[in-house]
Amino acid sequence: MAGTIIDYLNEYGNIPFAEMPMNHVDSLILCQLSYLKFDGIVSGVHDNGPSISLKGIQSHADFDKLFADSRYEEENRALFAAAVAGSRFCNLRLNCYINVVEKEWETQFSAVTFLLEDGTLYIAFRGTDETIVGWKEDFNMAFLSPVPGQAYSVKYLNMVMGRLYKPFYIGGHSKGGNLAVYSAMRCIPRVQERILRIYNMDGPGFRPEVLEEYGYDKIADRVVKILPHSSLIGMIFEREIRYITVESNRFGLAQHDPYTWLVEGEHFVLADDIYELSRFWDNTLNEWIYSLNEQQLRMMVDTLYQVISASKVENLIELTADWKKSMNSMVAAFKEIDEPTTRILKEIIKSLFELAKIRAKEEVTMNLPRRRRGGKRLSKSAEVIKQAVPMLRKHSDARDATADPE
């Protein structure tokens, strides 16, 4: 019966890496552990201090501070407990921790280095945490390269691997997966040649010009991209890529949560591919983003951040703690946006729904069966998109009706 990464640890947690080498599930576990707040517990990247075992962290005075992010506190506690309970992970050592949140520079960056018992290393980049500025940096990726977090990832990788001359894995979930690939492309050659594998766990991709400029081809054969079957985040800026699709026990955006990915035995439960409707929206969203210029993208992102910042909160936990108060502040901020900006934003959003209508019609036309002559039924893809057309038209027409008159 399929379970989660926690169930995997309960079953295989006592098998050392020497007997069962690093696999995709282990990688996701390490990526998820990088979300824990190791501040004051694990030696910093600039300290050149001693490493500490996962088991040793359990008895640290600041142990409970690891789980400060209440979004996944229960799951993270269960994951840590399962990891420490078995010999596979309990003696895993951690070092070179860094956690940077710079509101002024709109960046959130964190990483930690795991020292595995088989002599290899695993560099794990934290994905987007609960900070508002962390989400702002994610959106900045639509028009800015590199974002500060990407630049930090390259410096971190070169610094750590300049001290530790061992073969290593590198990975991350969400934005962390993007940082793993970016740093692998941009690190110095003598570091790049020691990379065993690069894991991008449902993280966004890159604009084509970025991949070409930074020589993605040099590392492409070592990149493992893993996506849940309704992936949205991981398909941003992705077109012709190789990826592994896994089953999840949730639907839609909720699948971005690693605790929903299904595991059977020592492997993920594989899905045939990205779901048809998800692929439709992924392609539509990417085409829409590529159609906008830098000024339009920057305006959208900056306006959204301005509105959310009006709530006076620093993280998503505070934002949702008093949702009514936060919403009132954001609604008030929307009203303060000047008319020219509002008009432009309406046109930008409207273009998304217009593009979706066009793509939906094209999808149905391409898969149109010969019903008049007893042809087969519509393909699964066309059936799904045909059902989406009325919904798309309804949304777009509603926006037309509320748009300002010329």
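**Notebook: confidence, sheet, cores and one helix**

I began with the weak parts of this predicted model, and found that pLDDT stays under 50 over residues 370-382, a stretch for which the model nevertheless has 18 contacts beyond four places in sequence. I noted a second such stretch, residues 395-406, where pLDDT again stays under 50 and the model has 13 contacts beyond four places in sequence. Where pLDDT is low, the predicted coordinates should not be read in detail. For the protein chain as a whole I wrote down a mean pLDDT of 82, with 77% of its residues reaching 70 or more.

Next I looked up the sheet. I found an open sheet of eight strands with mixed pairing, in the order β1-β2-β3-β4-β5-β6-β7-β8; its edge strands, β1 (52-53) and β8 (244-246), each pair on one side only. I followed one pairing further in: β4 (residues 121-125) and β5 (residues 168-173) run in the parallel sense and share five bridges, and I123 stands opposite I170 in β5. Helix α7 (residues 148-163) packs on this sheet, where I saw it touching β2 (93-102), β3 (107-115), β4 and β5, with its direction at about 25 degrees to that of β3.

Is T245, which I picked from strand β8, buried or exposed? T245 is buried, because its relative accessible area is 5%, and the cut-off for buried is under 20%. Setting aside neighbours within four places in sequence, I listed the contacts of T245 as L227, P228, H229, V269, L270, A271, D273 and I274.

I then turned to the nonpolar cores. The largest has 48 residues, and the members that touch the most others are I57, F80 and F114; its largest share, six residues, comes from helix α2 (residues 24-33). Apart from this core I found another, of 31 residues, which includes I123, I170, A180 and I195. For F114 I looked beyond four places in sequence and recorded contacts with L30, L33, L92, R93, L94, T120, L121, Y122 and A124.

Last, I asked why helix α2 can be called largely enclosed by the rest of the structure. The reason I wrote down is that nine of its ten residues are buried, namely V25, D26, S27, L28, I29, L30, C31, Q32 and L33. At the N-terminal end of α2 I found a cap made by N23, which has a side-chain oxygen 2.9 Å from the backbone nitrogen of V25.

Notes
Residues are numbered from 1 along each chain as its sequence is written. This is a predicted model: local features need pLDDT of at least 70, side-chain atom pairs count only at pLDDT 80 or more; totals for chains, interfaces and linings use all residues. Side-chain values use heavy atoms; hydrogens and water are left out. A nonpolar core is a set of buried Ala, Val, Leu, Ile, Met, Phe, Trp, Tyr and Cys residues joined through side-chain atoms within 4.5 Å. Buried means under 20% relative accessible area, exposed over 50%, partly exposed in between (1.4 Å probe, protein chains only). Helices (H or I, at least four residues) and strands (E, at least two) are DSSP runs, numbered from the N terminus. Contact means heavy atoms within 4.5 Å. pLDDT is the predictor's confidence in each residue, from 0 to 100. A polar contact is a pair of N or O atoms within 3.5 Å; within protein, one must be able to donate a hydrogen and the other to accept it, and residues adjacent in sequence count only if both atoms are side-chain atoms. Two strands pair if DSSP finds at least two bridges between them. Axes are lines fitted to C-alpha atoms, for helices over the stretch in contact, and angles run from 0 to 180 degrees between N-to-C directions.
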